Amino acid sequence: MNINVTKAYLPPFEEYTNYLRGIWERGWLTNNGPLVQQLEAQLSAFLHGVPVQFTSNGTIAIQIAIKALKLSGEIVTTPFSYVATTTSIIWENCSPVFVDIESQTFCINAQKIEEAITEQTSAILATHVYGYPCDVEAIEQIAQKHNLKVIYDGAHAFGTEVHGRQLLTYGDLATCSFHATKLFHTIEGGCIVVNDSSLANDIWLLKSFGHIGDDYFSLGVNGKNSEFHAAMGLCNFPRVNSFIASRKKLAELYHSELVGLPIIYPMPQAKSLVYNYAYFPIIFQSETQMLKVKEALAAHSIYTRRYFFPSLNRLPYVKGQICPVSEDIASRVLCLPFYQELSEDIVRWIANVVRINFVVA
Ligand SMILES: *Cc1c(COP(=O)(O)O)cnc(C)c1O
């Protein structure tokens with residue numbers, strides 16, 4: 001049996017096919033259908049009323065966000081994220097300027113953002129890494145002072161709350177991914193969370209070819225999503241709280257089974273955090289030590305992921321900036337298998353394989 005780093009939840013088959021029956025009856029497959037509207041309404045209620053637009057994935061959501069805010073020049077961003085954060089910036093003809101991460105949360109180091117701001121800077125694009133919040137207050141202050149826009153790549157952030165507020169509602173815009181590997185998924189999918197109604201209008205057009213019927217308003221692309229994807233979302237969404245509760249238990253079990261090993265975990269700095277348990281990353285003392293454990297796990301068909309690796313400032317198509325903290329963490333981090341259906345016995349077994357293959361540096 002293979003144990004992968006994530007496993008997409010599949011709802012009971014009949015639950016999904018009930019939605020399919022409705023799609024067959026209506027013959028309405030995509031283009032803002034009733035299931036898409038229903039999902040958007042549920043997600044918006046979950047985000048305390050902030051409007052949500054369902055998109056075809058989390059990457060197009062970032063690209064549309066950049067386009068909607070009319071960003072140009074330089075975008076200050078994090079090197080410790082999935083590659084889509086950086087490629088979206090470049091795809092939209094902007095230049096990423098990397099600011100190193102903070103050594104506890106692995107999110108962008110807000111203290112270092114100001115030194116990276118130039119005349120060309122138009123925005124800050126930061127990732128809530130593993131579902132832990134960036135320093136949203138400090139970033140907001142800097143953005144106001146320098147008149148910059150803020151986009152959060154919230155691909156990991158679904159369900160995390162800070163100060164009683166959903167993390168996805170911070171920033172001028174936040175994006176999320178509902179890819180099959182994420183905590184809440186719609187097979188492929190994502191969303192843009194945006195409160196400003198004129199910006200929301202622009203985004204709606206951008207993701208729908210820029211027209212409504214025969215009236216053409218703006219440039220656009222196809223960033224919509226279908227009734228079939230919305231149906232999966234409607235099946236999975238009511239279970240999110242129970243997913244988070246199961247993951248919390250498994251994380252606690254991993255922590256107790258790994259206790260005493262010289263590994264570190266991300267340490268959130270935000271007070272009053274309600275965490276979503278999106279991933280289970282551990283940081284080894286060295287890359288060699290990490291690779292040895294990774295190989296030992298793979299020999300038992302337990303598949304982990306170097307997430308995130310490489311540090312994005314090292315991508316072959318970006319200007320070589322140096323980000324020592326991000327490069328160091330990226331070289332030593334490993335995400336262990338983590339999903340709600342993982343059994344406690346398997347967690348104990350994985351932790352044991354980690355322990356017995358651990359060579360103290
Ligand atoms: C998954 C992910 C994305 C991309 O989302 P897709 O839905 O796969 O396009 C972007 N950023 C981060 C941080 C991610 O983890």
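**A ligand and the space around it**

Biologist: How far is an oxygen atom of the ligand from an N or O atom in the side chain of Lys182?
Modeller: Happy to help, and please keep in mind that this is a predicted model. A pair of N or O atoms counts as a polar contact within 3.5 Å. Between the ligand oxygen and the N or O atom in the side chain of Lys182, the distance is 3.2 Å.

Biologist: How much of the ligand's own accessible area does the protein cover?
Modeller: On its own, the ligand has 380 Å² of accessible area. The part of that area covered by the protein is 93%.

Biologist: Which residue has a side-chain N or O atom 2.7 Å from an oxygen atom of the ligand?
Modeller: Let's take two side chains in turn. For Thr59, the distance from a side-chain N or O atom to a ligand oxygen is 2.6 Å. The residue with 2.7 Å is Ser177.

Biologist: Which residues come nearest to the ligand?
Modeller: There are 16 residues around the ligand. They divide into 4 nonpolar, 10 polar and 2 charged. Those that come nearest are Gly58, Thr59, Asp153, Ser177 and Lys182.

Biologist: Which helices each supply at least two residues of the shell around the ligand?
Modeller: Two helices meet that mark, and one of them is H3, spanning 58–68. Gly58 and Thr59, both listed among the nearest residues, fall within that span. With the 83–91 helix added, the pair is H3 and H4.

Biologist: How much space lies in the largest pocket?
Modeller: This is the space that the ligand takes. The volume of the largest pocket is about 400 Å³.

Biologist: Which residues that line the largest pocket are closest to its centre?
Modeller: The lining has 23 residues, and by class they are 9 nonpolar, 10 polar and 4 charged. Helix H3 gives the largest share, 3 residues. Closest to the centre are Tyr82, Ser177, His179, Lys182 and Tyr307.

Biologist: What is the omega of the peptide bond from Tyr307 to Phe308?
Modeller: Good place to look, with Tyr307 among the residues closest to the pocket centre. Phe308 lies in the loop between helix H9 (287–299) and helix H10 (324–332). The bond from Tyr307 to Phe308 is cis, and its omega is near 10°.

Biologist: Where is Pro310, which a cis peptide bond joins to Phe309?
Modeller: The bond between Phe309 and Pro310 has an omega of about -5°. As for its place, Pro310 is in the loop between H9 and H10.

Biologist: Where is His48, which has a positive phi?
Modeller: His48 is not a glycine, yet its phi is about 55°. You will find His48 in the loop between helix H2 (34–46) and strand E1 (52–55).

Biologist: What is the volume of the largest cavity?
Modeller: Searching the whole structure gives 2 cavities of 30 Å³ or more. The residues lining the largest cavity include Lys182, Phe243 and Arg247, and the lining divides into 5 nonpolar, 4 polar and 3 charged residues. The volume of the largest cavity is about 60 Å³.

Key:
Residues numbered from 1 in each chain as written. Predicted model: local features only at pLDDT ≥ 70, side-chain atom pairs only at ≥ 80, totals over all residues. Heavy atoms only, no water. Near = heavy atom within 4 Å. Polar contact = N/O pair within 3.5 Å; in protein donor to acceptor, adjacent residues only side chain to side chain. Areas by Shrake-Rupley, 256 points an atom, 1.4 Å probe, with all protein chains shown as cover. 1 Å grid on protein atoms, 1.4 Å probe; cavity = no way out; pocket = protein on both sides within 12 Å on 5 of 7 lines; lining within 4 Å. Sits in = over half its atoms within 2 Å of the grid points. Helix = DSSP H or I, 4+ residues; strand = E, 2+ residues; numbered from the N terminus. Nonpolar A, V, L, I, M, F, W, Y, C, P; charged D, E, K, R; others polar. Points joined across faces, edges and corners; volume = space filled by probe spheres on them.
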